Structure formats: structure tokens, C-alpha cells
Amino acid sequence: MRKTNYLFPAILLLLATFCNAQYALKPEWVKLVKSPQSSGQCEAWGVDVDAAGNIYWPVTIDSLNKQHDIVCYKYDRNGKPLWNTPFYSAMTGYQWAFSTNARDSFLYIGGTTCPIVKPECDMLLMKVNKSTGKLVWSKTKAFGKNGYDEMDGLEVRRDGIYCGGWANTTGTNWDSDIGLWKVNFDGTTAYTNSLGQKNTAEHQDGHFVVDTPYIYVSGMWGGASFFNLYDGREFAGKFKMSDGSMVDTLSFGAVGSWANSEDALGMTSYNNDLYFTGYSTPSSASDWQIFVARMDKNLNLKWIKYWGGSGTESARAISVKDGIIYIGGFSNSSSIATNGDYDAVLLKYDTSGNYISNYVWGDSSQNLIEDIVLDST
């Protein structure tokens, strides 16, 4: 199943631009979407901004009290709605959106789909017309039979669409691999590849980086049994764009707690380096903290920093601009979260690893940041 354990009947979905006067971080506007069902779930994992400043926000929503489907919203930079399009599967199964990429005239949405007619979940990729919100095509990829596959990494380049995520090649529970899938612009498959160990969990999580001639991925390595959803090592990998074959890998982070809960949930690039975030247990298994790390593109770790309280912190969203790292996540530590069970957290570091500031907000519900994109226009 999906690696999250914080699905709730209605989730606050925060989409904001920020005033960056000195070190202040204050939202200019917020959009909220709830399921029309009283007990329905609603969540968002991805957001992107195009060159014109338009914002694309795919939301996974339980609209019929029977399944999850995807609705994508388009706003201008001031929050004015431009269109919203439902991509319902007509009661044929479940769909989740985990990533999105706006490029040229099209929007690409990646996630997973779980058809009722067969006991598996497949990677899902949709191509959408940015102007109209109309679906151009929808494609799926199964790496094995009766397994769970999902797409988290999604980057569009001139030669095709690069996708990555979880790939179950054996159909065995708790056994997943890092999966790569390159797709041509007409929706045909250019290649697939996978990397993992037998009977353990490896998966690519969050965004990845495509920088010719390599693909750089983040994720987790060596998860065991049921705890493979969390219990592993932070992972960085370097693969060839040409065929998805592995060039080099690195496991990093804290070691020694009973569960070794580690996962590099997201990454980005800035200048010649890679930046990672996720959760780590530097002191004890019950104390998850957000980590921020910097690595060169030969996978040499330059530094790693930890932030959090005595409770649970995690982050998936990371972006860098003008030498400042922005990390989006959540906390339930009593010294940090004051509005509810989880409060959303936005952190700022410089590229030398120095902490600058944080902004915490929320209401009495669960509040989490799953993606962040900086508008450079």
C-alpha cells in the first residue's frame, strides 16, 4: 500500500505564495478542497507552475464515497480559478495523483491506478492539454503481476518523459523495487528498468532530477517485512538516461535505532549539487526528524542537518532558489505544533547547511505539505 499513514476524512490543502521580506514567511492566499462525502478522503501530493505563473494542482478526492479519483485545478498566480477537470475512472477502480509537471503546451500527472478487475496497482501517467484541461491520453505500466506500482518522479525532457517510483516485479507482499519508466510523447514505452533486492523494499520517492546524461533518484533501501514502508536507509541513486541502468548508489543517514526509520522522500538540484529531504531517526525510533542534505552529482555527501522536536517530523517538499533551500513538511511535536495533531512546517536553510527560519501554521485538522514549487517569473 501507499507509504502514507496520515489519510483523513478532510485534509487542508495549502497552496500559497509567500512574502519573503527579510525572513518572514506569510501565506498570501490559501485554497481548500474537501470531499463532498462526510467521511471522504481528500489529499494532494503535487503542484507545478508554468512559465506564465499558472498553477496546476491535481487533487485525489473521494467524491462518490466509493473510490478515489483525480481532479486537477488550474489557477493564475493570484489564485483566480481558470479550470478544474475531473479524471474519473467511472467506478472501475481507484486513482491517486502523486506528481505533476507542466511543460510547453501540456501538463503531465503521475500516480497510481488500482483497477477493480485485477488485484494490482499500476503506475499511471496522464497527458493533459494545459489550455483546456482536456485529457490527451492516459497510460499505465505494471512491472509485474498482482503487485503494487506507483509513480513519484516525473520529469519531461525534449527526448521524452522520465518516470520513477515503486515497482513490484514479483507480486510478493512487502517486496518492492526502484522502478524507472521512460515514455515517448505519443504514450508508447521507450524502456523500463528496476533495481532492488529480493524480499525487501526499495522505492524511489518524491521528485527526482534528470540532468543529461543521468537520472538522479531519492528514496529508501532495504526495508524489511511490514515495516518496509518506513524501515530502511536513505537512498540516492544515479542511472543512465539512455536505458535506466544503474551507475552508482549511496545509502546514508542515521543508523542504530531499532527501526532505522529513514527515507529520502524528496530531492531537487541547484547549480552542480543535489539537495535531499525526508525523515530520519538520529536519536531514537520514536523521534522522527526532518533531515536536509547536500550531495554532489558523484553522490558524495557534503553535509546533513536535522530539525525537529520530541515528536514526529517529516518532509517531502524541497526547492532551492538564490542560495536558499525551502523545505515543506509537518510536525506534531508539542514544542512546534500548536494548532492540531499535525501542523504544516516550512523551513529555510542556506546552501551551506545553516538554519535560517521556520514558519508553522495550521488549524484543528491535520495539516501537511507534500510539495513545493517556486515561481521564478
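Contact, as used in this note, means heavy atoms within 4.5 Å.

1. Basis and overall content. The model is predicted. The protein chain has 28 strands and zero helices. Of its 377 residues, 59% are buried. Among contacts between residues at least 6 apart in sequence, 52% join residues at least 24 apart. The accessible surface of the chain is about 14900 Å², and carbon and sulfur atoms account for 48% of that area.

2. I215 and its surroundings. Leaving out residues up to four places away in sequence, I215 touches Y162, Y191, F208, V209, V210, G237, K238, F239, K240 and M241. I215 is also one of the residues with the most contacts inside the largest nonpolar core, together with F208, F252 and F276. F208 therefore appears in both lists, as a contact of I215 and as one of the residues with the most contacts in that core, where buried nonpolar residues are joined through side-chain atoms within 4.5 Å.

3. The largest core. This core has 25 residues. Strands that each supply at least two of its residues are β14 (177-183), β15 (189-195), β17 (209-211), β18 (214-223), β19 (233-240), β21 (263-270), β22 (273-280) and β23 (289-296). The largest contribution comes from β18, with four residues. In soluble globular proteins, nonpolar side chains tend to be buried together.

4. A second core. Separate from the core above is another, of 14 residues. Its members include I290, W303, V320 and V345.

5. The cis peptide bond. The bond from T212 to P213 is cis, with omega near 10 degrees. P213 belongs to the loop between β17 and β18. Both of these strands are among those that each supply at least two residues to the 25-residue core.

6. The four-stranded sheet. An open sheet has the strand order β8-β9-β10-β11, and the pairing is antiparallel. Which strands stand at the edges? They are β8 (93-103) and β11 (135-141); each has a single partner strand, so one side of each lacks a neighbour in the sheet. From one strand to the next, the twist averages 20 degrees. Between β10 (residues 122-129) and β11 there are six bridges, and the two strands run antiparallel. Opposite L125 stands K139 in β11.

7. The disulfide. How many disulfides does a search of the whole structure find? The search finds one. C114 and C121 form a disulfide, with their sulfur atoms 2.0 Å apart. The torsion about the S-S bond is about 105 degrees, so this disulfide is right-handed. Both partners fall under the 20% limit for burial: C114 has a relative accessibility of 9% and C121 has 11%. C114 lies within the range given for β9 (106-115).

8. Other cysteines. Two further cysteines are worth listing for their burial. C42 is buried at 1% relative accessibility. C163 is likewise buried, with a relative accessible area of 1%.

9. A buried aspartate. D62 is found in the loop between β5 (55-61) and β6 (69-75). Is D62 buried or exposed? With a relative accessible area of 8%, D62 is buried, because the limit for that class is under 20%. Apart from neighbours within four places in sequence, the contacts of D62 are S35, P36, Q37, G40, Q41, Q67 and H68.

10. Positive phi outside glycine. D104 has a positive phi of about 55 degrees, although D104 is not a glycine. The residue sits in the loop between β8 and β9. D104 is partly exposed, at 47% relative accessible area. N146, also a residue other than glycine, has a positive phi near 60 degrees. The position of N146 is in the loop between β11 and β12 (150-157). At 37% relative accessibility, N146 counts as partly exposed, because that class lies between the limits of 20% and 50%.

Note on methods:
Residues numbered from 1 in each chain as written. Predicted model: local features only at pLDDT ≥ 70, side-chain atom pairs only at ≥ 80, totals over all residues. Heavy atoms only, no water. Buried < 20%, exposed > 50% of the residue type's maximum accessible area, 1.4 Å probe, protein only. Disulfide = S-S within 2.5 Å. Pairing = 2+ DSSP bridges. Axes fitted to C-alpha atoms, helices over the stretch in contact; angles between N-to-C directions. Areas by Shrake-Rupley, 256 points an atom, 1.4 Å probe, with all protein chains shown as cover.
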